[in-house]
Amino acid sequence: MTPAQRRLARLAFAAALGVVAMLIIGGFRSLSVLIVGVLGLAVTLAALWGFLSNRSPLRWVCLTLAFALPIAVIVFYIARHQLWEIVVTLLLVALAVAAARAALIRARPPHGMPEREKPSPVRPFLIMNPHSGGGKVRRFALDDKATALGAEVALLNGPGRVDVAELARRAVVNGADLLGVAGGDGTQALVAAVAAENGLPFVVVSAGTRNHFAMDLGLDRERPDAGLDALRDGVELSLDLGLIGERTFVNNASFGAYAEVVQSPAYRDDKRGTMLRLLPEMLSGQRGPHLVVRIDDEVVIEGPQALLVSNNPYEFGGPTEPGRRARLDTGLLGVIAITVDNAEHAVELLRGSRGRGLRTLVAHEVLVESDAPRIPVGIDGEAVLMPTPVRLSIQPLALRVRVPRERPGVPRPKPPIDLALLRHQALATARLASTRHRDRDRK
């Protein structure tokens with residue numbers, strides 16, 4: 001623990017105490033100010049819950065109320081000539097959050113995965129989906145550029161559905177020494193499994209819509225053609241693979257609310273709109289099977305409304321944006337379980353903080369049981385119906401991935417406010433100081 005961490009943690013607690021002092025002073029000066037503030041917070045929480053858990057026109061009334069109430073409280077304070085107290089309190093809040101995040105960022109271990117030098121492939125084989133990502137293969141001339149680099153390219157033009165795993169296996173039989181995909185994460189996972197089975201390196205070309213796997217590898221998602229640089233000037237990483245039943249996944253498998261949303265026919269055309277339309281029924285328990293989650297036969301989570309099991313843990317950025325995985329070689333599954341029962345839980349989730357409505361764990365194996373014989377699962381964004389119970393596990397260092405030597409890397413999300421760690425950092429200062437004094441007295 002560095003001196004900077006200790007100083008920043010103490011500053012965060014000092015600023016937080018300043019916020020408490022300002023609130024107490026305001027309360028003593030005027031009981032009505034304190035009552036208005038508490039009532040405003042309570043009604044705002046209730047309004048946010050009403051927006052999230054209702055489909056009727058009332059939800060938009062709740063949303064309007066949730067925005068209007070804080071403004072009304074501020075106007076009330078201004079009318080009472082207490083604007084300076086609001087400004088000072090907000091500045092202290094900002095200082096506390098900034099100092100806390102700075103302390104927690106400095107406490108994180110270094111990220112990134114070990115790279116190995118390996119010779120360039122002689123007979124690379126790439127599968128490309130010209131329809132993926134709105135036609136990125138054609139727009140960036142990925143097939144022509146890969147061919148110019150000595151790769152054999154198979155375009156998934158149809159007609160009909162192509163078994164990409166079988167296509168990759170045939171390429172291995174014909175002598176391919178590298179497999180790659182320009183397409184979505186679901187296709188990436190299928191071919192990555194074949195590469196892992198045969199001990200071959202795998203190349204990711206970010207030609208899908210979201211390209212979460214490419215993002216967590218630190219690739220440039222805006223320039224999918226840059227991924228082809230791995231063929232001529234690349235390094236290798238060893239990564240884990242997730243396994244759900246007999247199927248491989250590179251990102252995550254989702255259950256409950258999110259899996260139900262993915263199952264909707266409207267999801268691909270309007271992801272946000274579909275999520276907003278179906279979320280109220282999910283939160284109120286009116287939709288979806290009852291789930292029981294068993295983690296390494298030790299932890300049991302009863303009835304989560306949403307569950308995300310990932311190939312390596314996410315650095316948490318919020319329930320709708322789980323963040324990024326700075327490492328894909330820890331040999332662990334990440335588990336995010338959401339159970340929202342009231343307004344407080346909902347607001348904690350909206351803020352992206354860990355609370356009683358959100359649990360984040362790590363596991364070697366996860367078992368998902370249900371009262372339904374088959375449940376919807378979103379596997380790397382693809383909707384699948386699977387028989388229960390569903391077993392998920394991790395395959396440590398199963399996949400060799402070849403990436404360009406020069407790539408943007410993985411920016412890390414802001415860490416959540418971890419009060420236990422902050423307290424440890426702040427108290428370490430006192431312990432360290434007392435130890436130094438004892439050492440000096442002995443001398």
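## A guided tour of the model

Start with the whole chain on screen: among contacts (heavy atoms within 4.5 Å) between residues at least 6 apart in sequence, 72% join residues at least 24 apart. Residues are numbered from 1 along each chain as its sequence is written. This is a predicted model, in which local features need pLDDT of at least 70 and side-chain atom pairs count only at pLDDT 80 or more, while totals for chains, interfaces and linings use all residues; side-chain values use heavy atoms, with hydrogens and water left out.

**Colour by confidence.** pLDDT is the predictor's confidence in each residue, from 0 to 100. Its mean over the protein is 80, and 77% of the residues reach 70 or more. Now select 265-271, where the pLDDT is below 50; this stretch has 8 contacts in the model beyond near neighbours in sequence. Then try 318-322: pLDDT stays under 50 here too, and the model has 10 contacts beyond four places in sequence for these residues.

**Switch to cartoon and surface.** You should find 13 helices and 16 strands, taken as DSSP runs numbered from the N terminus (helices: H or I, at least four residues; strands: E, at least two). Of the 443 residues, 48% count as buried, that is, under 20% relative accessible area with a 1.4 Å probe, protein chains only. The exposed surface comes to about 22100 Å², with carbon and sulfur atoms supplying 59% of it; the areas come from the Shrake-Rupley method with a 1.4 Å probe.

**Go inside.** Show Leu179, Phe202, Phe213 and Leu217 as sticks. Within the largest nonpolar core, which has 35 residues, these four touch the most other members. Such a core is a set of buried Ala, Val, Leu, Ile, Met, Phe, Trp, Tyr and Cys residues joined through side-chain atoms within 4.5 Å. Elements that each supply at least two of its residues include strand S3 (178-182), helix H8 (185-197), strand S4 (201-205) and helix H9 (212-216). Helix H7 (164-173) is also among them, and H7 gives the largest share, 6 residues. Apart from this core lies another, of 26 residues, including Ala253, Val335, Val368 and Leu392.

**Follow Val335 to a sheet.** Select strand S11 (residues 333-338): 6 of its 6 residues are buried. Leu333, Val335 and Ala337 lie on one side, with Gly334, Ile336 and Ile338 on the other, so both faces are covered. In a regular strand the side chains alternate between the two faces of the sheet.

Zoom out to see the open sheet of 6 strands, ordered S12-S11-S10-S7-S14-S15 with antiparallel pairing. Strands count as paired if DSSP finds at least two bridges between them. At the edges, S12 (358-363) and S15 (382-387) each pair on one side only. On average, neighbouring strands are turned by 25 degrees against each other, direction ignored; the axes are lines fitted to C-alpha atoms, and angles run from 0 to 180 degrees between N-to-C directions.

**Check the bridges.** On one side, S11 pairs antiparallel with S10 (residues 306-311) over 6 bridges; look for Asn311 with Leu333 as its partner. S11 is also joined to S12 by 6 antiparallel bridges, where Gly334 has Val362 as its partner.

**Finish at the hairpin.** S14 (residues 374-379) runs antiparallel to S15, joined by 6 bridges. Val377 stands opposite Val384, and Pro376 has Leu385 as its bridge partner. Last stop: with 2 residues between the strands of this hairpin, Asp380 takes a positive phi near 50 degrees.

Note on methods: Buried < 20%, exposed > 50% of the residue type's maximum accessible area, 1.4 Å probe, protein only.
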